[in-house]
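The following exercises concern the fold and the aromatic contacts of one protein. Each task is followed by a worked solution.

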Amino acid sequence: QVQLVESGGGLVQPGGSLRLSCVASGIAFAINDMAWYRQAPGKQRELVATITRGGGTNYTDSVKGRFTISRDNAKNTVYLQMNSLEPEDTAVYYCNAEYLRSPSSRPDRNWGQGTQVTVSS
């Protein structure tokens with residue numbers, strides 16, 4: 001099983017920036033799509049951004065132009081650069097990855113433990 005560990009969260013003032021990282025480790029034949037989700041208090045978990053193994057990206061409308069998702073396949077790491085942060089971005093951010101245990105296995109998914117991002121003055 002692939003384990004995901006996020007880092008980089010913290011407290012930042014409105015307008016500031018943070019860079020989240022998520023490292024995937026464990027036995028896997030391949031890691032396919034990777035994504036960042038977030039969950040604010042009292043709200044459902046929502047998809048923030050996705051990136052394919054080839055680098056194709058998608059973003060939820062509220063973060064377009066402010067957040068950038070990227071990955072380093074050699075390091076099995078996905079990043080989320082967050083600029084122009086707003087109080088509404090406050091949430092626990094979770095990493096998610098789809099992976100194959102072997103060439104013939106069905107895709108599986110796993111979650112990280114989450115990292116808190118708080119945007120406040």
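**Exercise 1.** Determine what radius of gyration a compact globule of 121 residues would have, and compare the protein with that value.

*Solution.* The model is a predicted one. The rule to apply is 2.2 Å times the number of residues to the power 0.38. For 121 residues, the rule places a compact globule near 14 Å. The protein has a radius of gyration of 14 Å, which agrees with the rule. As a further description, the C-alpha trace spans about 50 × 25 × 25 Å along its principal axes.

**Exercise 2.** State the secondary structure of the protein and the order of its elements.

*Solution.* The count gives 11 strands and zero helices. Read from the N terminus, the order is therefore β-β-β-β-β-β-β-β-β-β-β. Contacts in sequence add to this picture: of those between residues at least 6 apart, 55% join residues at least 24 apart.

**Exercise 3.** Describe the burial, the surface and the charges of the protein.

*Solution.* A residue counts as buried under 20% relative accessible area. Buried residues amount to 39% of the 121 residues. The exposed area is about 6,400 Å², and carbon and sulfur atoms supply 47% of it. As for charge, the protein carries 12 positive and 10 negative charges, whose mean positions are 5 Å apart.

**Exercise 4.** Identify the aromatic pairs, classify their geometry and locate them in the chain.

*Solution.* A pair of aromatic rings is described by two quantities, the distance of the centres and the angle of the planes. Ring centres must lie within 6.5 Å, and planes over 60 degrees apart count as edge-to-face. By this rule there are two aromatic pairs.

1. Tyr37 and Trp111 have centres 4.8 Å apart and planes at 65 degrees, an edge-to-face pair. Tyr37 belongs to strand β4 (residues 30–39) and Trp111 to strand β10 (residues 108–111), so that the pair links parts of the chain 74 residues apart.
2. Tyr94 and Trp111 have centres 6.4 Å apart and planes at 90 degrees, so this pair is edge-to-face. Tyr94 lies in strand β9 (residues 91–100) and Trp111 in strand β10, so the pair ties together parts 17 residues apart in sequence.

Trp111 takes part in the pair with Tyr37 and in the pair with Tyr94. Ring pairs thus link Tyr37, Tyr94 and Trp111 into a cluster.

**Exercise 5.** Is each ring residue of the cluster buried, partly exposed or exposed?

*Solution.* Partly exposed lies between 20% and 50% relative accessible area. Tyr94, at 14%, is buried. Tyr37, at 21%, is partly exposed. Trp111, at 35%, is also partly exposed.

Key
Residues are numbered from 1 along each chain as its sequence is written. This is a predicted model: local features need pLDDT of at least 70, side-chain atom pairs count only at pLDDT 80 or more; totals for chains, interfaces and linings use all residues. Side-chain values use heavy atoms; hydrogens and water are left out. Helices (H or I, at least four residues) and strands (E, at least two) are DSSP runs, numbered from the N terminus. Buried means under 20% relative accessible area, exposed over 50%, partly exposed in between (1.4 Å probe, protein chains only). Contact means heavy atoms within 4.5 Å. Accessible areas come from the Shrake-Rupley method with a 1.4 Å probe; for residues, only the protein chains shown count as cover. Lys and Arg count as positive and Asp and Glu as negative; His and the chain ends are not counted. The place of a charge is taken as NZ of Lys, CZ of Arg, CG of Asp or CD of Glu. Rings of Phe, Tyr and Trp (its six-membered ring) pair if their centres lie within 6.5 Å; planes under 30 degrees apart count as stacked, over 60 as edge-to-face and the rest as tilted.
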